[in-house]
Amino acid sequence: MNKIEIKHPEKQVDTGAYSAGVLVDGWLFISGQGSVDLATGEVIRGTIEEETTNTLMHIKKIIEAAGGTMDNIVKCTSHLSDIHEFDRYNAVYASFFPGIKPARTTVQSILGDGIKVEIDAIAKIK
């Protein structure tokens, strides 16, 4: 098995003991992303719409660094700090996947640093 680390192209600080992405046999596993400034490591607080956009932009940059696009994503797991914000989160999420939507699990979770959303993804890179 050949594992390749995929880095977020803008990440400048250590945010933990994990890889942003790991590519194995054409499968890209993207670690949970949140609304964080990767130059400082600070949380970027905002509405659920703003935090979802920031989070998905991180995922987009990681998948592009691996040579893929958002259309390559086949599965996401989303954690919301408040499930009552699901409809607002879902509207932004849907805008990132205009074609066939990935399979998805969405749950309410206690998230660190007061973030509103965290999303991880699995993609098949051609």
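Phe-86, Tyr-89, Tyr-93 and Phe-97 form one aromatic cluster in this predicted model. Three aromatic pairs are counted in the structure. One of the pairs joins Tyr-89 and Tyr-93: the ring centres are 5.8 Å apart and the planes meet at 45°, so this pair is described as tilted. The label follows from the angle, because planes under 30 degrees apart would count as stacked and planes over 60 as edge-to-face. Both tyrosines belong to helix H2, which covers residues 86–95, and the four residues that separate Tyr-89 from Tyr-93 amount to about one turn of the helix. Are these two residues buried or exposed? Tyr-89 has a relative accessibility of 0% and therefore counts as buried. Tyr-93, at 3%, counts as buried too.

A second buried position is found in another part of the chain. Ser-35 sits in the loop that connects strand E3 (27–33) with helix H1 (48–65). Although Ser-35 is a loop residue, its relative accessible area is 0%, so it is classed as buried. Which partners does the side chain of Ser-35 reach? One is the backbone oxygen of Ile-44, at 2.7 Å. Another is the side chain of Asn-54, with which the side chain of Ser-35 makes a polar contact of 2.9 Å. When residues up to four places away in sequence are set aside, Ser-35 touches Glu-42, Val-43, Ile-44, Glu-51, Asn-54 and Thr-55. Ile-44 and Asn-54 thus appear both in this list of contacts and as partners of the serine side chain.

Strand E1 offers a further buried residue. Ile-6 belongs to this strand, which spans residues 3–6. Its relative accessible area is 8%, and because buried means under 20%, Ile-6 falls in that class. Which residues does Ile-6 touch, apart from those up to four places away in sequence? They are Ala-20, Gly-21, Leu-23, Leu-28, Ile-62, Ala-65 and Ala-66. Leu-28, one of these contacts, stands 22 residues from Ile-6 in sequence, while the C-alpha atoms of the two residues are 8.6 Å apart in space.

Attention may now turn to the surface. Trp-27, Phe-29 and Val-74 make a nonpolar surface patch of about 260 Å². Phe-29, a member of this patch, is placed in strand E3. How accessible is Phe-29? Its relative accessibility is 41%, so Phe-29 counts as partly exposed; this class lies between the limits of 20% for buried and 50% for exposed.

Two aspartates in loops complete the account. Asp-25 is located in the loop between strand E2 (21–24) and E3, and Asp-113 in the loop between strand E5 (103–108) and strand E6 (117–124). What is the value of phi in each of them? For Asp-25 phi is near 50°, a positive value in a residue other than glycine. For Asp-113 phi is near 60°, again a positive value in a residue other than glycine. Asp-25 has a relative accessibility of 59% and therefore counts as exposed. Asp-113, at 60%, counts as exposed as well. These loop residues may be set beside Ser-35, which also lies in a loop but is buried.

Methods:
Residues are numbered from 1 along each chain as its sequence is written. This is a predicted model: local features need pLDDT of at least 70, side-chain atom pairs count only at pLDDT 80 or more; totals for chains, interfaces and linings use all residues. Side-chain values use heavy atoms; hydrogens and water are left out. Buried means under 20% relative accessible area, exposed over 50%, partly exposed in between (1.4 Å probe, protein chains only). A polar contact is a pair of N or O atoms within 3.5 Å; within protein, one must be able to donate a hydrogen and the other to accept it, and residues adjacent in sequence count only if both atoms are side-chain atoms. Contact means heavy atoms within 4.5 Å. Patches are made of residues with over 30% relative accessible area and no salt bridge: like charges are joined within 9 Å, nonpolar side chains (Val, Leu, Ile, Met, Phe, Trp, Tyr) within 5 Å. Accessible areas come from the Shrake-Rupley method with a 1.4 Å probe; for residues, only the protein chains shown count as cover. A salt bridge is a side-chain nitrogen of Lys or Arg within 4 Å of a carboxyl oxygen of Asp or Glu. Rings of Phe, Tyr and Trp (its six-membered ring) pair if their centres lie within 6.5 Å; planes under 30 degrees apart count as stacked, over 60 as edge-to-face and the rest as tilted.
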